[in-house]
Amino acid sequence: RLNWRTFGIDVWYGHLLCAIGMALRPQFNILLIPSSVVGSVVRVATGTLIEPKLSNESQQFRITGAEMNRIAKIEKLGSHYPQFIEQLRVCVEKDFVATNGAQNCGRCVKCLRTQVELRVCKIEGREKPFATPLDLSICKRTQPSAASRIVWENLATEAKSRGDKEVHKAIRTMLDQSAWRRKLRRVANKLAN
């Protein structure tokens with residue numbers, strides 16, 4: 001697992017995608033980079049204001065999908081390319097994949113988030129690529145990273161607007177517990193000093 005802090009700077013993956021594009025310059029004149037978050041700039045993401053400015057006379061970088069949120073992108077992918085479910089690989093647990101040969105563990109934070117997103121989108125066959133089905137009790141106990149909080153917040157809003165009260169409650173529990181844990185750590189650190 002890559003630790004971004006080892007670079008000593010804030011790394012935005014849009015910049016990394018542009019760097020790869022520059023290395024491939026002889027083969028591609030225009031590169032499309034997927035937009036990550038709609039309407040705001042988030043650390044470790046792509047943005048409509050940043051990557052296009054890295055274009056030059058021989059190569060253009062264009063951000064695509066900024067008009068859609070994450071759920072709309074998943075729905076569009078599911079409607080135009082339904083077999084993407086069989087090819088879905090999101091798991092960050094390398095040991096699990098190596099020892100079990102399954103595509104996705106179904107328990108790591110990336111697997112959980114993807115399973116929740118597929119459920120909210122009501123995509124058929126969403127259990128296929130995961131070794132275990134979605135367990136919202138695990139979701140409630142998950143500690144989201146600071147960078148992923150906005151994604152989870154948006155997902156909770158989307159679940160609520162679509163009437164999936166069970167998913168909304170699980171995500172709100174996760175986010176609220178996460179906030180309390182951070183506050184308790186701060187208090188413990190102050191008391192220790």
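**Exercise 1. Helix H5**

Task: Compare the span of helix H5 (residues 109–120) with the span expected at 1.5 Å a residue. Then state which residues of H5 are buried.

Solution.
- Step 1. Helix H5 has 12 residues, and at 1.5 Å a residue these should span 16 Å.
- Step 2. The end C-alpha atoms of H5 are 16 Å apart, which agrees. This model is predicted.
- Step 3. Apply the cut-off: buried means under 20% relative accessible area.
- Step 4. The buried residues are Cys111, Leu112, Arg113, Thr114, Gln115, Val116, Glu117, Leu118, Arg119 and Val120.
- Step 5. That is 10 of the 12 residues, so H5 is largely enclosed by the rest of the structure.
- Step 6. Look just past the helix. Lys122 takes a positive phi of about 55° there.

**Exercise 2. Salt bridges of H5**

Task: Find the salt-bridge partners of Glu117 and Arg119. Say which helices each pair ties together.

Solution.
- Step 1. A salt bridge needs a side-chain nitrogen of Lys or Arg within 4 Å of a carboxyl oxygen of Asp or Glu. The count by this rule is 10 salt bridges.
- Step 2. Glu117 pairs with Arg70, with the closest N and O atoms 2.4 Å apart.
- Step 3. Place the two residues. Glu117 sits in helix H5 and Arg70 in helix H2 (residues 70–80), so the salt bridge ties together parts that are 47 residues apart in sequence.
- Step 4. Check exposure. Glu117 is buried, at 3% relative accessible area. Arg70 is partly exposed, at 34%.
- Step 5. Arg119 forms a salt bridge with Glu166, and here the closest N and O atoms are 2.9 Å apart.
- Step 6. Glu166 belongs to helix H8 (residues 165–192) and Arg119 to helix H5, so this pair also ties together parts 47 residues apart in sequence.

**Exercise 3. Helix H7 and its link to H8**

Task: Describe helix H7. Then trace the salt bridge between Arg172 and Glu153.

Solution.
- Step 1. H7 has 13 residues. From first C-alpha to last it reaches 18 Å, close to the 18 Å expected at 1.5 Å a residue.
- Step 2. List the buried residues of H7: Arg149, Val151, Trp152, Leu155, Ala156, Glu158 and Ala159.
- Step 3. Just after H7, Gly163 has a positive phi of about 85°.
- Step 4. Turn to the link. Arg172 and Glu153 meet in a salt bridge of 2.8 Å, N to O.
- Step 5. Arg172 lies in helix H8 and Glu153 in helix H7 (residues 149–161), so the pair ties together parts 19 residues apart in sequence.
- Step 6. Both ends are partly exposed: Arg172 has 24% relative accessibility, and Glu153 has 28%.
- Step 7. Widen the view. Arg149, Glu153, Arg172 and Asp176 are linked in a network of salt bridges.

**Exercise 4. Strands S1 and S2**

Task: Which way do S1 and S2 run, parallel or antiparallel, and how many bridges join them? Sort the residues of each strand by face.

Solution.
- Step 1. S1 and S2 run parallel, joined by five bridges.
- Step 2. Pick out partners. Ile30 has Gln60 as its bridge partner in S2. Ile33 has Ile63.
- Step 3. Sort S1. Leu31 and Ile33 make up the covered face; Ile30, Leu32 and Pro34 make up the uncovered one.
- Step 4. Sort S2 (residues 60–64). Phe61 and Ile63 point to one face and are buried. Gln60, Arg62 and Thr64 point to the other and are not buried.

**Exercise 5. Cysteines**

Task: How many disulfides does the structure hold? Check Cys91.

Solution.
- Step 1. Recall the chemistry. A disulfide is a covalent bond between the sulfur atoms of two cysteines.
- Step 2. The structure holds zero disulfides.
- Step 3. For Cys91, the nearest cysteine sulfur is that of Cys105, 3.6 Å away. The cut-off is 2.5 Å, so Cys91 is in no disulfide.
- Step 4. Add exposure. Cys91 is buried at 19% relative accessible area. Cys139 is buried too, at 0%.

**Exercise 6. A surface patch**

Task: Which residues form the nonpolar patch on the surface? Locate Leu24.

Solution.
- Step 1. The patch consists of Leu17, Ile20, Leu24 and Phe28, with about 320 Å² of accessible area together.
- Step 2. Leu24 lies in the loop between helix H1 (13–23) and strand S1 (30–34).
- Step 3. Leu24 is partly exposed, at 32% relative accessible area.

Notes. Residues numbered from 1 in each chain as written. Predicted model: local features only at pLDDT ≥ 70, side-chain atom pairs only at ≥ 80, totals over all residues. Heavy atoms only, no water. Helix = DSSP H or I, 4+ residues; strand = E, 2+ residues; numbered from the N terminus. Expected span 1.5 Å × (residues − 1). Buried < 20%, exposed > 50% of the residue type's maximum accessible area, 1.4 Å probe, protein only. Patch = residues over 30% accessible without salt bridge, like charges linked within 9 Å, V, L, I, M, F, W, Y side chains within 5 Å. Areas by Shrake-Rupley, 256 points an atom, 1.4 Å probe, with all protein chains shown as cover. Pairing = 2+ DSSP bridges.
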